[in-house]
Amino acid sequence: MTQLTVAPAQTSAQTSAPERPAVPAQAPAARAATPGGRTARTRRYLMCPPTHFDVVYSINPWMDPGKPVDGALARLQWEGLLRAFQALGHRVELIEPLPGYPDMVFAANGATVIGGKVLSARFRHAERAAEGPAYLEWFRARGYETREAVHVNEGEGDYLAAGRYLLAGTGFRTDVRSHREAERFFGLPVAGLRLVDPRFYHLDTALAVLDDELIMYYPGAFSRESQGVLRVLYPDAIIATEADAEAFGLNAVSDGRHVLMPPAATHLMDELRERGFEPIGVELSELLKSGGSAKCCTLELRGGPR
Ligand code: ARG
């Protein structure tokens, strides 16, 4: 596999965030607290360059193969996300994109990684099938403990690690039988959540984990029963409006303090500020043509080989 190199964070990314302390990417336990008390923890992420990104089929309501995609702009926007992570001190690793797999840029779908253990993805649609083995190989080559999934699951698209629980989506992509498989493999209690609105077909389009205790979500994306579960588990959750969700505001990446998200989700940004978070708008409009944004492009590597 070819080794990819990432350009170091550029001054432009740094100047947009002058007040942020420069946290060296190598310091895994580095922490920075906000005046509001929110604490950032340095993360490791896996991303996939949008070299072959395009919309040539439609497997969700956002995808219209008739609408042109600006590949160069997609690349610039994706690099903006990468640089924003680096400027915050997070470490980003890259996987080589496969030609013919235009959705491989959505690294969140590639696997689920918790405590250094990797559950591979098994995609619902043939158009993305080869991505599962490609991501699995990346982890195997680096010595992670891996499990090849038996049931259909789309990685962190539908599995969100939230402290003591693993929140798990189903309804459109991930097979509900996968939830038991994940629960056993990771040894974490799974809270299964049923998605009912085709616009929000992955859990990470309807809900974002902000820290081990707090989430934000759009209730209308979930079945009545699942709305009840969320109310019980997270009575203090930030509730997103339909407009926030439509702007993909819930497709956000939080390090515990900074929340990288689409700038159009203005109401959600205000709510986050009120709760002491620091929302950072990252424009990914070209990727949105495929039904993805910041979180979709990001797979968190929790533990495991460095
Ligand atoms: N076009 C892709 C699909 O429909 C988008 C995936 C978005 N990823 C995510 N984690 N929600 O599969």
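A polar contact is a pair of N or O atoms within 3.5 Å, and this cut-off is used in the first exercise on the predicted model shown above.

**Exercise 1. Which residues place an N or O atom at polar-contact distance from a nitrogen atom of the ligand, and how completely does the protein cover the ligand?**

Step 1. Begin with the side chains: a polar side-chain atom of Asp 103 lies 2.9 Å from a ligand nitrogen, and an N or O atom in the side chain of Asn 109 is likewise 2.9 Å from a nitrogen atom of the ligand.

Step 2. Turn to the backbone, where an N or O atom of Ser 290 is found 2.8 Å from a nitrogen atom of the ligand.

Step 3. Of the 350 Å² of accessible area that the ligand has on its own, the protein covers 100%.

**Exercise 2. Describe the surroundings of the ligand.**

Step 1. The ligand sits in the second largest cavity, and 17 residues surround it, the closest being Asn 60, Arg 128, His 202, Asp 204 and Cys 296.

Step 2. Sorted by character, the shell around the ligand comprises 6 nonpolar, 7 polar and 4 charged residues.

**Exercise 3. Why is there no bond between the sulfurs of Cys 297 and Cys 296?**

Step 1. A disulfide requires two cysteine sulfur atoms within 2.5 Å.

Step 2. The cysteine sulfur closest to that of Cys 297 belongs to Cys 296 and is 6.6 Å away, which is too far for a bond.

Step 3. Searching the whole structure accordingly gives 0 disulfides.

Step 4. As for accessibility, Cys 296 is buried at 2% relative accessible area, and Cys 297 is buried at 0%.

Methods: Residues numbered from 1 in each chain as written. Predicted model: local features only at pLDDT ≥ 70, side-chain atom pairs only at ≥ 80, totals over all residues. Heavy atoms only, no water. Near = heavy atom within 4 Å. Polar contact = N/O pair within 3.5 Å; in protein donor to acceptor, adjacent residues only side chain to side chain. Areas by Shrake-Rupley, 256 points an atom, 1.4 Å probe, with all protein chains shown as cover. 1 Å grid on protein atoms, 1.4 Å probe; cavity = no way out; pocket = protein on both sides within 12 Å on 5 of 7 lines; lining within 4 Å. Sits in = over half its atoms within 2 Å of the grid points. Nonpolar A, V, L, I, M, F, W, Y, C, P; charged D, E, K, R; others polar. Buried < 20%, exposed > 50% of the residue type's maximum accessible area, 1.4 Å probe, protein only.
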